[in-house]
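Welcome! Take a moment to turn the model around and get a feel for it before reading on.

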Amino acid sequence: MTGGAAVVWLAVMGLAWYAVRMRPGEEGRRAAFLIIGGGAVVPTIVLAVLLIYGLRMMPALLAEAPEGSLRIAVTGEQWWWRVRYELPGGTPVELANEIRLPVGEPVEFLLDSPDVIHAFWIPPLGGKMDMIPGRRTRLLLEPTRVGTYRGVCAEYCGTSHALMAFPVVVMEKRDFVQWLDAQRSPAAEPRDARAAAGRDRFFANGCPACHTVVGTSARGVIGPDLTHVGSRLTIGAGTLPNDPDAFIRWIERTEDVKPGVHMPAFGMLDPTELESLASYLESLK
Ligand code: CUA
């Protein structure tokens, strides 16, 4: 593309130079030739070649994932990511706002959305793909380097479109297997009195209406699964670091952190309650 563009640019510059130096009255037939040739014939040929070249690359993007590939269903929500690892022969593992992948293996993403159009994009790993309500789109990627990358929503989807990100961690296979095993297990029991008090607050304030914590009676599906929220790199879909202060800020002033968010703020809780809640959520490793 760059090479072709450079050739076209040089030709246009040459013609401009030629036009500037041309004496008045010299145009005539040559002008008609240049307009038809340079204005219609050459662009048609150049664009046709580029189109064919581009179309030839498409089958690779739309190819079926190899048998046994990791499949991850990702749903774009307003404004966060529902992530479900669909494991062959096992129950799916659900998490939110974070994706981990084994290095050097193809992974197939199955993408959709319940209401508005989002676009799933991990720039360092490949192209973007729309998430369209009522349709399931697919994207095949193969990460080749271990590291932590930033995924984003690449289609304007509402007030907090810019606050809809997710970390993507590409890991060695054995680390990935270990991580997935941990994600599959039910939530940890609170390790101290403060976290236990936080769990009581969690249930007393109705959090389970929207959130699931596997291993407890919290079974809500409106908001992100919190079973292992303490193990994630960020909270609020890439908007805050994962630490107790961030949890408190999020719960107390949700709307300030993410304008338009569906989760109500719990500013009526006193500092002790907020601290215990944060301690509980942080303990869900
Ligand atoms: Cu989702 Cu923009």
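The report below looks at the pockets, then at a sheet and a helix that lies across it.

## What you are looking at

Please keep in mind that this is a predicted model. Residue numbers start from 1 along the chain, as the sequence is written, so you can follow each name below in your own view.

## The largest pocket

Let us begin with the largest pocket, which has a volume of about 670 Å³. It is lined by 34 residues, and those closest to its centre are His 211, Gly 223, Pro 224, Trp 250 and Met 263. If you would like to find the place on screen, these five residues are a good set to select.

Which elements each supply at least two residues of this lining? They are strand E11 (234-235), helix H5 (244-252) and helix H7 (271-283). The largest share comes from H5, with three residues. Sorted by class, the lining of the largest pocket holds 22 nonpolar, eight polar and four charged residues.

## The second largest pocket

Now move to the second largest pocket, where about 380 Å³ of space lies. Here 16 residues form the lining, and Val 8, Ala 11, Val 12, Val 42 and Val 46 are the closest to the centre. Two or more lining residues come from each of helix H1 (2-21) and helix H2 (28-62).

Of these helices, H2 gives the largest share of the lining, eight residues. How many charged residues does the lining of the second largest pocket have? There are no charged residues in it; the lining is made up of 13 nonpolar and three polar residues.

## A sheet of five strands

Next comes an open sheet, formed by five strands in the order E3-E2-E1-E5-E8, with mixed pairing. Strand E3 (93-96) and strand E8 (137-141) are the edge strands, each pairing on one side only. On average, and ignoring direction, neighbouring strands of this sheet are turned by 25° against each other.

For a detail to zoom in on, try strand E5 (residues 107-112) and E8: the two run antiparallel and are joined by five bridges. Within this part of the sheet, Glu 108 stands opposite Leu 140 in E8.

## A helix across the sheet

Which strands does helix H3 lie across? Helix H3 (residues 173-184) lies across strand E1 (70-77), strand E2 (80-86) and E3. Relative to E3, helix H3 runs at about 95°. E3 is also one of the edge strands of the sheet, so you have already met it above.

Methods
Predicted model: local features only at pLDDT ≥ 70, side-chain atom pairs only at ≥ 80, totals over all residues. Heavy atoms only, no water. 1 Å grid on protein atoms, 1.4 Å probe; cavity = no way out; pocket = protein on both sides within 12 Å on 5 of 7 lines; lining within 4 Å. Points joined across faces, edges and corners; volume = space filled by probe spheres on them. Helix = DSSP H or I, 4+ residues; strand = E, 2+ residues; numbered from the N terminus. Nonpolar A, V, L, I, M, F, W, Y, C, P; charged D, E, K, R; others polar. Pairing = 2+ DSSP bridges. Axes fitted to C-alpha atoms, helices over the stretch in contact; angles between N-to-C directions. Contact = heavy atoms within 4.5 Å.
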